[in-house]
Amino acid sequence: MGEQIVILTGAGISAESGLGTFRDEGGLWAQHRIEDVATPEGFERNPELVLGFYNQRRAEAAAATPNAAHVALTALEAKHEVLIVTQNVDGLHEAAGAQNVLHMHGSLAQAMCAACAARWEAPMVMQVSDPCPHCGAQATRPDIVWFGEIPYGMEKIDAALSKATLFAAIGTSGNVYPAAGFVAEARRLGLPTVEMNLEPSAGHSLFDDLRLGPASETVPAWVNELAAKSTS
Ligand code: BJW
């Protein structure tokens with residue numbers, strides 16, 4: 001095996017697959033109030049609005065296909081030990097064939113019961129009246145990590161970072177914690193760090209290497225460089 005790589009991805013990697021980012025001009029947070037659609041309190045106030053927001057995004061994600069950046073990351077798994085930690089709730093890394101993906105902010109493909117915490121495959125259209133298949137409560141929600149909730153897989157991410165030899169962040173603005181703090185942790189551990197983004201992220205100065213441009217170009221180029229290094 002070559003490098004042990006932890007790769008953090010954000011909405012920017014799926015932008016060229018036609019899925020909207022959050023904080024770019026005209027992004028999702030320009031169209032929806034965060035506190036209405038991405039907090040447990042917003043869901044309690046108006047579950048119909050929140051389910052509608054995620055039903056629409058589930059339909060968009062189902063119609064999207066992986067782009068060259070997702071495909072290039074999958075190819076890395078042949079030669080390196082890779083953990084893709086994605087903040088994205090779409091399934092485009094898996095659709096590109098990636099095997100080792102951790103959805104730290106949950107997934108549109110999963111539903112969850114707010115009463116008993118059971119999880120199951122989400123239907124394309126979730127409705128407030130849907131009963132939980134396990135306890136029967138009409139409290140079903142998307143299995144998404146909202147503000148104030150604890151992201152998934154933190155222990156696994158910490159363990160992967162502690163044995164990694166390289167950290168990369170792709171298409172994330174570096175505004176949302178704990179993901180935004182991974183680069184500082186990687187530096188503390190002495191790892192080389194690389195950012196690929198259309199524009200520098202909030203934490204860009206913490207990266208050793210900043211590669212600007214669309215992910216569909218920067219990511220395949222970076223993957224090719226790694227492949228050339230590991231064969232030389
Ligand atoms: C391209 C491109 C192209 C475009 N090619 N690039 C005060 C200080 C610090 C922290 C806090 C604080 N107050 C509260 C907090 C904590 C809070 C937080 O971080 N708030 C900040 C806003 C300050 N965080 C939380 O509440 C989290 N939980 C938590 O902290 O629990 C405590 C705990 C943690 C750990 C252990 C124990 C306890 C939960 C965060 C949940 C985030 N949820 C969301 C919505 C749900 C998912 C969904 O609906 O999809 O997740 S918010 C939203 O932001 C979404 C994203 O995953 C997340 C990150 O966004 P991302 O991916 O970076 O997208 P954008 O739009 O911001 O950036 C796109 C980037 O792409 C840009 O840089 C572009 O340039 C680039 N780009 N096109 C390459 N073609």
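**A short tour: one loop, two helices and a ligand**

Hi everyone, let's start with C135, which sits in the loop between strand 5 (119-121) and strand 6 (140-144). Please keep in mind that we are looking at a predicted model.

Is C135 buried, partly exposed or exposed? Its relative accessibility is 42%, so C135 counts as partly exposed, given that the partly exposed class runs between 20% and 50%. Now look at what C135 touches: setting aside neighbours within four places in sequence, its contacts are C113, A115 and C116. A118 is 17 residues away from C135 along the chain, and their C-alpha atoms are separated by 8.3 Å.

Next, please find V183, a residue of helix 9 (residues 182-188). V183 has a relative accessibility of 4%, so it counts as buried; the cut-off for buried is under 20%. Which residues does V183 contact, leaving aside those within four places in sequence? They are F167, T193, L206 and F207. From V183 to A168 the step in sequence is 15 residues, while the distance in space is 8.3 Å, C-alpha to C-alpha.

Now for helix 10, where we can do a little check together. This helix covers residues 215-231, which is 17 residues, and at 1.5 Å a residue it should span 24 Å. The expected span is 1.5 Å times one less than the number of residues. In the model, the end C-alpha atoms of helix 10 are 24 Å apart, so the two values agree.

Which residues of helix 10 are buried? They are A215, T218, V219, P220, W222, V223 and L226. These buried residues pack against several elements, including strand 1 (4-9), helix 6 (68-76) and strand 7 (166-170). Helix 1 (12-15) is another of their packing partners, and we meet helix 1 again at the ligand.

So, on to the ligand. How many residues surround it? There are 36, and the closest are R23, E149, T172, S173 and N197. Helix 1 and helix 5 (47-63) each supply at least two residues of this shell. Sorted by class, the shell has 18 nonpolar, 12 polar and 6 charged residues.

Let's zoom in on some atoms. Y54 has a polar side-chain atom 2.7 Å from an oxygen atom of the ligand. With V145, a polar backbone atom is 3.1 Å from a nitrogen atom of the ligand. T172 also brings in a polar side-chain atom, 2.7 Å from a ligand oxygen atom. On its own, the ligand has 1,500 Å² of accessible area, and the protein covers 76% of that.

That's my tour, thanks for listening!

How values were computed. Residues numbered from 1 in each chain as written. Predicted model: local features only at pLDDT ≥ 70, side-chain atom pairs only at ≥ 80, totals over all residues. Heavy atoms only, no water. Helix = DSSP H or I, 4+ residues; strand = E, 2+ residues; numbered from the N terminus. Buried < 20%, exposed > 50% of the residue type's maximum accessible area, 1.4 Å probe, protein only. Contact = heavy atoms within 4.5 Å. Near = heavy atom within 4 Å. Polar contact = N/O pair within 3.5 Å; in protein donor to acceptor, adjacent residues only side chain to side chain. Areas by Shrake-Rupley, 256 points an atom, 1.4 Å probe, with all protein chains shown as cover. Nonpolar A, V, L, I, M, F, W, Y, C, P; charged D, E, K, R; others polar.
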